[in-house]
Amino acid sequence: MAVGLQVVGLLLGLVSWCLQSSCTSSQVWKVRSQQESVSSSQWQFEGLWMSCVATALGSLQCSRFRTVLGLPAHLQACRALMILSLLVGLASIIVSILGLKCTRIGRASEHLKDQIALSGGVLFILSGVFTLTAVSWFAARVIQDFYDPLYGGVRFELGTGLYLGWAASFLAVLGGSLLCCSCRKKGPLWQFSYNFSSTSEGQKIYRAAPASDSSCRAYV
C-alpha cells in the first residue's frame, strides 16, 4: 500500500512539474478584453516574459519586456516564485525517487528511506504553494484592474496560463500529501503491557476455628 501511494504521488509530482514549466513559459497569463479591442480579429495577450499580438490571418508578433526594474512589483515577484517553484519541484522529484521503497541506495535503512520520501513530499507541497501564490496574485491584479473604474490602462482578462498554474499547484500538493501519508507510522501511538500470572493466588479469607467441646464443660 505504501509503495503504491509513493508511486502515485511521484507521478502526480512529475505531471505538476511539467504543468509548472508550461505555465512559466506561457504567454497567455492575461488576454485583452474584447470590450477594449478595436477589432475582433486581433488579440493581445501577455505573460511573464513578453507581450504578443495575434491576428485572424495567423500572424503572431511577440516582444520581450525590455526592462526588468521598470516592471510592476507583482510581475517580478511572480517571476521569482515560478522559478523557485520549478527548482524546488525538480529537487523534490530527485529526493522522492531516492526515497521510494522500490529503489535501493546502498545500505540505507527503511526508516531513512521513509524520511527521504517525507522530505520529497514536503518539497512537492512547497513547490505547489509557490505556484499557487504566483498565479493567484497575478489573477487578483488582473481582476482588480478590470473592475477599477479609475484604471486608465488596457483591461485584460484571465488567460489559460493561470489555469495551468492552478492545476499544477493542485497536483503538486496532492502528490506531496500522498508521499507524506505513505510514511506515516503504523500501529497505535501508545502500547500498554499487562502482566497477569495465572498462578497468583486470590485474597485469602481466614475463619475462626470452632470452639472445642472440652472448653464448654463446667466443673463442680
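Helix 1 buries Ala-2, Leu-5, Gln-6, Gly-9, Leu-10, Leu-12, Gly-13, Ser-16, Gln-20, Cys-23 and Thr-24, where buried means under 20% relative accessible area, exposed over 50% and partly exposed in between, with a 1.4 Å probe and protein chains only. The cover over these buried residues includes helix 2 (73–99), helix 3 (110–147) and helix 4 (160–181). Helices here are DSSP runs (H or I, at least four residues), strands are E runs of at least two, and both are numbered from the N terminus.

Before going further, a word on the basis: this is a predicted model, in which local features need pLDDT of at least 70 and side-chain atom pairs count only at pLDDT 80 or more, while totals for chains, interfaces and linings use all residues. Residues are numbered from 1 along each chain as its sequence is written, and side-chain values use heavy atoms, leaving out hydrogens and water.

**Helix 1 and the record**

Helix 1 spans residues 2–25, 24 residues in total, and reaches 35 Å from its first C-alpha to its last, close to the expected 34 Å. That expected span is 1.5 Å times one less than the number of residues. The unreviewed UniProt entry annotates residues 1–25 as "signal peptide"; in the model this span is 96% helix and 0% strand, with its end C-alpha atoms 37 Å apart. The same kind of record places "transmembrane region" at residues 80–100, 121–143 and 163–181. UniProt positions follow the numbering used here, feature names are shortened, and annotations may be inferred rather than shown by experiment. Two of those spans look like this:

| Annotated span | Helix | Strand | End C-alpha distance |
|---|---|---|---|
| Residues 121–143 | 100% | 0% | 33 Å |
| Residues 163–181 | 100% | 0% | 27 Å |

**Rings and a charge**

How many aromatic pairs does a search of the whole structure find? There are three, taking rings of Phe, Tyr and Trp (its six-membered ring) as paired if their centres lie within 6.5 Å, with planes under 30 degrees apart counted as stacked, over 60 as edge-to-face and the rest as tilted. One of them joins Trp-29 and Phe-138, edge-to-face because the planes stand at 80°, with ring centres 5.1 Å apart. This pair links distant parts of the chain, 109 residues apart: Trp-29 is in the loop between helix 1 and strand 1 (30–32), and Phe-138 is in helix 3. Trp-29 is buried at 0% relative accessibility, and Phe-138 is buried at 3%.

Another edge-to-face pair is formed by Tyr-163 and Trp-166, with centres 5.5 Å apart and planes at 70°. Both lie in helix 4, three residues apart, about one turn of the helix. Tyr-163 is partly exposed at 49%, and Trp-166 is partly exposed at 27%.

Lys-30 lies over the face of Phe-156, 4.7 Å from the ring centre; a charge counts as over a ring if NZ of Lys or CZ of Arg is within 6 Å of the ring centre and within 35 degrees of the ring normal.

**Confidence**

The mean pLDDT of the protein chain is 80, and 79% of its residues reach 70 or more; pLDDT is the predictor's confidence in each residue, from 0 to 100. Among the elements, helix 4 has the highest mean (93) and strand 2 (residues 42–46) the lowest (83). Over residues 196–200 pLDDT stays under 50, and the model has zero contacts there beyond four places in sequence, a contact being heavy atoms within 4.5 Å. Residues 214–220 are also below 50, with zero contacts beyond near neighbours in sequence.
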